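Biologist: I'd like a close look at one part of this model, with the rest brought in as background. Here it is.

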Amino acid sequence: MSLVDLPALLPPTLTPQISTSLRHYYHTTYKDSFFSPSGPPTAWFAVFLWFEALYHAPLSLWAVRALWRGEATYPMIPVQLLVFAVLTAVTTIVCIAEYLSWEHLTVADKVNLGYLYVPYLALSVFMGVDMFGRLQDRLVPV
């Protein structure tokens with residue numbers, strides 16, 4: 001995440017060389033225009049990167065610690081991870097819809113991108129369903 005996605009938010013002079021190399025490899029291998037050397041193709045994708053920088057990355061660090069210590073120590077973890085999961089699923093679906101519309105990609109190129117994006121979508125949906133179930137168990141008496 002931080003080495004591939006977030007450097008697009010930095011000026012080129014502050015971008016680590018390893019990030020530049022990884023982004024170049026990723027772009028040339030998968031033809032993912034979101035990671036074009038000229039920058040994100042749309043303003044909304046840049047907004048998604050800011051979501052990642054300002055919410056996903058800090059929450060991920062907090063959530064790992066919270067999950068390690070146990071949910072009882074951090075009762076808000078299901079709420080935060082539900083928001084995380086929904087935001088991740090929505091942004092991923094939008095990215096999938098966008099790359100499926102790219103005319104410069106072959107069907108094989110789109111399938112290759114699907115191997116990267118669809119598991120990420122599936123994981124976020126699974127997390128969302130799990131967190132919804134945990135919250136439902138707490139909020140709705142059986």
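Which residues make the nonpolar surface patch, and what surrounds them?

Modeller: Keep in mind that this is a predicted model. The nonpolar patch is made by L3, I18 and L22, and it covers about 240 Å² of surface. L22 is a handy place to start. This leucine lies in helix α1, which spans residues 17-30. Its relative accessibility is 32%, so it counts as partly exposed. That value also clears the bar for a patch, because patch residues need over 30% relative accessible area and no salt bridge.

What does L22 touch, once its neighbours within four places in sequence are left aside? The answer is L3 and V4. L3 is thus a contact of L22 as well as a fellow member of the patch. Along the chain L22 and L3 are 19 residues apart, yet their C-alpha atoms are separated by 7.6 Å.

Now follow the chain past the end of α1. The loop between α1 and α2 (43-69) holds K31, and K31 forms a salt bridge with D109, where the closest N and O atoms are 3.3 Å apart. That pair links distant parts of the chain, since D109 sits in helix α4 (residues 107-139), 78 residues away from K31. The two partners differ in cover: K31 is partly exposed at 38% relative accessibility, whereas D109 is buried, with a relative accessible area of 12%. The cut-off for buried is under 20%, so D109 falls on that side of it and K31 does not.

The structure holds two salt bridges, and the other one is R134 with D130, whose closest N and O atoms are 3.1 Å apart. This pair is a local affair inside α4: R134 and D130 are four residues apart, which means about one helical turn separates them. Both ends are partly exposed, R134 with a relative accessible area of 31% and D130 with 28%.

Between the K31 loop and α4 come the two middle helices, α2 and α3 (residues 77-101). Two packed helices are described by the angle between their axes and the distance between the axes. For α2 and α3, the axes come within 10 Å and cross at roughly 145°, and the crossing is left-handed. The contact has a long cast list. From α2 it includes W44, F45, F48, F51, Y55 and W62, and from α3 it includes L81, V83, F84, L87 and V94. Polar residues take part too, among them H56 and S60 of α2 and Q80, T88, T91 and E98 of α3.

Zooming out, the chain has four helices and zero strands, so the pattern along the sequence reads α-α-α-α. Its C-alpha atoms fill a box of roughly 55 × 35 × 25 Å along the principal axes. Of the 142 residues, 35% count as buried, D109 being one of the buried ones. Looking at contacts between residues at least 6 apart in sequence, 59% join residues at least 24 apart. As for the outside, the chain exposes about 8,800 Å², and carbon and sulfur atoms supply 71% of that area. That is the setting for the patch you asked about, made by L3, I18 and L22.

How values were computed
Residues numbered from 1 in each chain as written. Predicted model: local features only at pLDDT ≥ 70, side-chain atom pairs only at ≥ 80, totals over all residues. Heavy atoms only, no water. Salt bridge = Lys/Arg side-chain N within 4 Å of Asp/Glu carboxyl O. Buried < 20%, exposed > 50% of the residue type's maximum accessible area, 1.4 Å probe, protein only. Patch = residues over 30% accessible without salt bridge, like charges linked within 9 Å, V, L, I, M, F, W, Y side chains within 5 Å. Areas by Shrake-Rupley, 256 points an atom, 1.4 Å probe, with all protein chains shown as cover. Axes fitted to C-alpha atoms, helices over the stretch in contact; angles between N-to-C directions. Left-handed = near helix turned anticlockwise from the far one by under 90°. Contact = heavy atoms within 4.5 Å.
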